[in-house]
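Subject: A structure for you to explore

Hi there,

Here is the structure I promised to pass on to you. Have it open while you read, and turn it around as you go.

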Amino acid sequence: MPTARLFYALWPDPPMAQTLSTWAALAQPHSHGRPMRTETLHMTLAFLGQVEREIADELIDATAYHRLQPGSVTLDRYGVFDRPRILWAGPAQTPDGLQASHDGLWLWLSAFGFAPPAQPFRPHVTLLRNIERHDPPASAPPPLTWRYDRMVLVASESTDGGSRYRVVARSRPQPG
Ligand code: 2AM
């Protein structure tokens with residue numbers, strides 16, 4: 001059965017993505033590695049992996065009806081993960097609202113047969129891949145507050161040039 005590799009994410013607007021791209025450029029001389037393309041920068045809320053086409057279609061239809069509680073997250077630090085070797089931007093502390101949205105999303109996903117990951121939620125935006133140092137740059141640019149009111153469902157497709165992300169569904173913002 002054909003499958004799609006899917007994840008839910010917060011997607012920055014173009015000015016925010018541009019600023020995050022600057023964060024990547026500032027860290028690159030320290031960390032080396034490959035900058036993510038500006039238009040691919042995002043914060044993953046739920047990685048689903050390979051999903052059967054039938055379930056993927058159900059998720060695409062249902063995503064519009066999953067209301068994400070609007071909130072904000074302030075990115076104020078660089079961090080690294082050793083596996084995979086990435087440098088990221090993230091909050092020093094996960095905001096309660098974002099944690100609740102993450103947990104609520106996984107609860108909602110359980111109706112589709114998905115189980116939450118064993119690891120705790122570590123909100124981050126990957127900026128550089130294949131970094132060459134274990135320590136992040138000593139200081140980050142001024143804090144960046146990201147206000148969000150919706151999430152997107154993204155299909156990750158492998159191409160010769162790496163992963164290509166395609167937004168396949170969006171949640172609707174809460175009625176104002
Ligand atoms: P990353 O940026 O830390 O690599 C698409 O791969 C998105 O899903 C990326 O943001 C990636 O996070 C995230 N993700 C979370 N868990 C993953 C996993 N087990 N395998 C691949 N990507 C994962």
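Below is what I found in it, starting with the pockets and ending with a single helix residue.

Please keep in mind that this is a predicted model, so everything below was computed from predicted atoms.

**The largest pocket**

The largest pocket holds about 1000 Å³ of space. General background may help here: rolling a probe the size of a water molecule over the atoms shows where empty space is left. In this model, 31 residues line the largest pocket. To find its centre on your screen, look for Thr44, Phe47, His124, Thr126 and Arg129, which lie nearest to it.

Which elements give two or more residues to this lining? They are strand 1 (3-10), strand 2 (34-35), strand 3 (43-52), helix 3 (96-110), strand 7 (125-129) and strand 10 (162-170). Strand 3 provides the largest share, with four residues. Sorted by chemical type, the lining has 14 nonpolar, eleven polar and six charged residues.

**Two histidines from the record**

An unreviewed UniProt entry lists His42 and His124 under "active site". These two span 83 residues in sequence, yet their C-alpha atoms are no more than 8.3 Å apart, so they gather at one spot. Where is that spot in relation to the pocket I just described? Both His42 and His124 belong to the lining of the largest pocket, and His124 is also among the residues nearest the centre of that pocket.

His42 sits in the loop between strand 2 and strand 3. Is His42 buried or exposed? Its relative accessibility is 10%, and the cut-off for buried is under 20%, so His42 counts as buried.

**The second largest pocket**

The second largest pocket has a volume of about 240 Å³. It has 15 lining residues, and Trp11, Pro12, Asp13, Trp146 and Arg150 are the ones nearest its centre. Two elements give two or more residues to this lining: strand 8 (144-148) and strand 10. The largest share, four residues, comes from strand 8. By type, the lining residues divide into nine nonpolar, one polar and five charged.

Strand 10 is worth colouring in your viewer, as it appears in the list for the largest pocket and again in the list for the second largest pocket.

**An aromatic cluster**

The structure contains six aromatic pairs. Let me walk you through two of them.

In one pair, the ring centres of Phe7 and Tyr165 are 5.3 Å apart and the ring planes meet at 80°, so this pair is edge-to-face. The cut-off for that label is an angle over 60 degrees. Phe7 belongs to strand 1 and Tyr165 to strand 10, so to speak of distant parts of the chain is fair: 158 residues separate them.

How accessible are these two residues? Phe7 has a relative accessible area of 4% and is therefore buried, whereas Tyr165, at 21%, counts as partly exposed.

Tyr165 also pairs with Trp11: their ring centres are 6.3 Å apart and their planes stand at 90°, so this pair is edge-to-face too. Trp11 lies in the loop between strand 1 and helix 1 (14-31), and 154 residues separate it from Tyr165 in strand 10. With a relative accessibility of 26%, Trp11 counts as partly exposed. Together, Phe7, Trp11 and Tyr165 form one aromatic cluster.

**How the strands pair**

Strand 1 and strand 9 (residues 152-159) run antiparallel and are joined by four bridges. One spot to look at is Ala9, whose bridge partner in strand 9 is Val152.

Strand 9 also pairs with strand 10, again in the antiparallel sense, over eight bridges. How many residues lie between strand 9 and strand 10 in their hairpin? There are two. You can also look for Thr159, which stands opposite Gly162 in strand 10.

**One last residue**

Finally, have a look at Leu109 in helix 3. Its relative accessibility is 0%, so it counts as buried. Leu109 and Gly90 are 19 residues apart in sequence, and their C-alpha atoms are 24 Å apart in space.

Enjoy exploring, and write back with any questions!

Best wishes

Technical notes:
Residues are numbered from 1 along each chain as its sequence is written. This is a predicted model: local features need pLDDT of at least 70, side-chain atom pairs count only at pLDDT 80 or more; totals for chains, interfaces and linings use all residues. Side-chain values use heavy atoms; hydrogens and water are left out. On a 1 Å grid over the protein atoms alone, a cavity is a set of points where a 1.4 Å probe fits but cannot get out, and a pocket is an open set with protein on both sides within 12 Å along at least five of seven lines; lining residues have an atom within 4 Å of a point. Grid points are joined across faces, edges and corners, and a volume is the space filled by probe spheres set on the points. Ala, Val, Leu, Ile, Met, Phe, Trp, Tyr, Cys and Pro count as nonpolar, Asp, Glu, Lys and Arg as charged, and the others, Gly among them, as polar. Rings of Phe, Tyr and Trp (its six-membered ring) pair if their centres lie within 6.5 Å; planes under 30 degrees apart count as stacked, over 60 as edge-to-face and the rest as tilted. Buried means under 20% relative accessible area, exposed over 50%, partly exposed in between (1.4 Å probe, protein chains only). Two strands pair if DSSP finds at least two bridges between them. UniProt positions are given in the numbering used here, feature names are shortened, and annotations may be inferred rather than shown by experiment.
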